[in-house]
Amino acid sequence: MRYSRLKIIFPVGLFIALFLDGSLSNVFAGSLFKYPYSSVLHLVLLWIVFAVFLDDRNELAIGIWSAFAGLVFDWFYTGVFGVYLLALPLVVYLCRQFKPWLDLNFLTMLMVYIINLTIVESFVYIWYLIGKVITSNITDFAVYTLGPTIAVNLAIFVVLYYPVRQLYLRVN
């Protein structure tokens with residue numbers, strides 16, 4: 001079996017993204033969480049989606065790493081166990097199911113990322129609604145949380161797409 005540098009770079013990048021999710025949310029809290037809007041950074045999700053689609057040899061244990069990152073994310077950032085622990089591996093599973101049928105270019109990955117952001121945010125919303133953590137209705141969620149979250153994360157996607165793609169191509 002051939003050793004890949006990607007097996008080292010992926011977990012390091014995942015934990016950098018995990019750290020940056022919380023740190024940048026804290027630093028830019030005044031802008032990201034300006035009442036009534038709430039924008040959630042999803043750098044971990046971005047890194048996972050890139051890994052699924054840009055790992056040509058499918059040798060990374062992305063599902064296991066995403067579950068571990070979800071556990072850490074729940075533990076440190078949400079305080080509600082199970083949300084990201086289940087949501088991130090679900091995204092990995094769905095992406096792997098659709099990967100063979102997709103042409104991997106910028107627009108396709110952008111649309112996949114939008115769909116994954118919507119899935120994760122909706123999953124979190126439903127989880128919190130069932131757990132009585134929040135009481136907002138679906139319209140408020142869509143307008144004040146989902147829309148701003150997608151806007152901020154798409155801007156980050158556009159900025160990071162080519163550098164991350166080049167990184168994966170170089171080490172894969």
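Q: Which helices each supply at least two residues of the lining of the second largest pocket?
A: This is a predicted model. The lining of the second largest pocket includes Gly13, Leu46 and Leu160. The helices that each supply at least two of its residues are helix 1, helix 3 and helix 7.

Q: What is the volume of the second largest pocket?
A: Among the residues that line this pocket are Ile16, Trp47, Phe50 and Val164. The second largest pocket has a volume of about 190 Å³.

Q: How many charged residues does the lining of the second largest pocket have?
A: Gly13, Ile16, Ala17, Leu20, Leu43, Leu46, Trp47, Phe50, Leu160 and Val164 make up the lining. Gly counts as polar. By class, nine lining residues are nonpolar and one is polar, and the number of charged residues is none.

Q: Which helix gives the most to the lining of the largest pocket?
A: The largest pocket has a volume of about 410 Å³. Of its 18 lining residues, the closest to the centre are Phe33, Val40, Thr78, Tyr84 and Tyr128. Helix 1, helix 4, helix 6 and helix 7 each supply at least two residues. With four residues, the one that gives the most is helix 6.

Q: How many residues of the lining of the largest pocket are nonpolar?
A: Tyr counts as nonpolar. By class, the lining of the largest pocket has two charged residues and five polar ones. The nonpolar residues number 11.

Q: What volume does the largest cavity have?
A: A probe the size of a water molecule, rolled over the atoms, shows where empty space is left. The structure holds one cavity of 30 Å³ or more. The volume of the largest cavity is about 50 Å³.

Q: Which charged residue lines the largest cavity?
A: The lining consists of Leu18, Asp21, His42, Val44, Leu45, Ala69, Phe73, Tyr84 and Leu88. Helix 1, helix 3, helix 4 and helix 5 are the elements that give two or more residues to it. Seven lining residues are nonpolar, one is polar and one is charged. Asp counts as charged, so the residue is Asp21.

Q: What should helix 6 span at 1.5 Å a residue?
A: Helix 6 runs over residues 106–130, which makes 25 residues. Its end C-alpha atoms are 36 Å apart. That agrees with the span expected at 1.5 Å a residue, which is 36 Å.

Q: Which residue caps the N-terminal end of helix 6?
A: Look for a side-chain oxygen that lies 3.2 Å from the backbone nitrogen of Leu107. That oxygen belongs to the cap, Asn105.

Q: Is Lys132, with its positive phi, buried or exposed?
A: Most residues other than glycine have a negative phi. Lys132 is not a glycine, yet its phi is positive, about 60°. Lys132 follows helix 6, in the loop between helix 6 and helix 7. Its relative accessibility is 70% and the cut-off is over 50%, so Lys132 counts as exposed.

Q: Which backbone nitrogen does the side chain of Asn137 reach?
A: Asn137 also sits in the loop between helix 6 and helix 7. Asn137 counts as partly exposed, at 41% relative accessibility. At 3.2 Å, its side chain reaches the backbone nitrogen of Thr139.

Q: Where is Pro36?
A: Most peptide bonds are trans. The bond from Tyr35 to Pro36 is cis, with omega near 5°. Pro36 is in the loop between helix 2 and helix 3.

Q: How many residues apart in sequence are the parts that the pair of Tyr125 and Phe141 ties together?
A: The structure holds 19 aromatic pairs. Tyr125 and Phe141 form a stacked one, 4.4 Å centre to centre with 20° between the planes. Both count as buried, Tyr125 with a relative accessible area of 7% and Phe141 at 7% relative accessibility. Tyr125 lies in helix 6 and Phe141 in helix 7, so the parts tied together are apart in sequence by 16 residues.

Q: Which of Tyr161 and Tyr162 is buried?
A: Tyr161 and Tyr162 form an edge-to-face pair, 4.8 Å centre to centre with 80° between the planes. Both belong to one aromatic cluster with Phe50, Phe106, Tyr113 and Phe157. Tyr162 has a relative accessible area of 47%, so Tyr162 is partly exposed. At 2%, the buried residue is Tyr161.

How values were computed:
Residues are numbered from 1 along each chain as its sequence is written. Side-chain values use heavy atoms; hydrogens and water are left out. The expected span of a helix is 1.5 Å times one less than its number of residues. A polar contact is a pair of N or O atoms within 3.5 Å; within protein, one must be able to donate a hydrogen and the other to accept it, and residues adjacent in sequence count only if both atoms are side-chain atoms. On a 1 Å grid over the protein atoms alone, a cavity is a set of points where a 1.4 Å probe fits but cannot get out, and a pocket is an open set with protein on both sides within 12 Å along at least five of seven lines; lining residues have an atom within 4 Å of a point. Grid points are joined across faces, edges and corners, and a volume is the space filled by probe spheres set on the points. Rings of Phe, Tyr and Trp (its six-membered ring) pair if their centres lie within 6.5 Å; planes under 30 degrees apart count as stacked, over 60 as edge-to-face and the rest as tilted. Buried means under 20% relative accessible area, exposed over 50%, partly exposed in between (1.4 Å probe, protein chains only).
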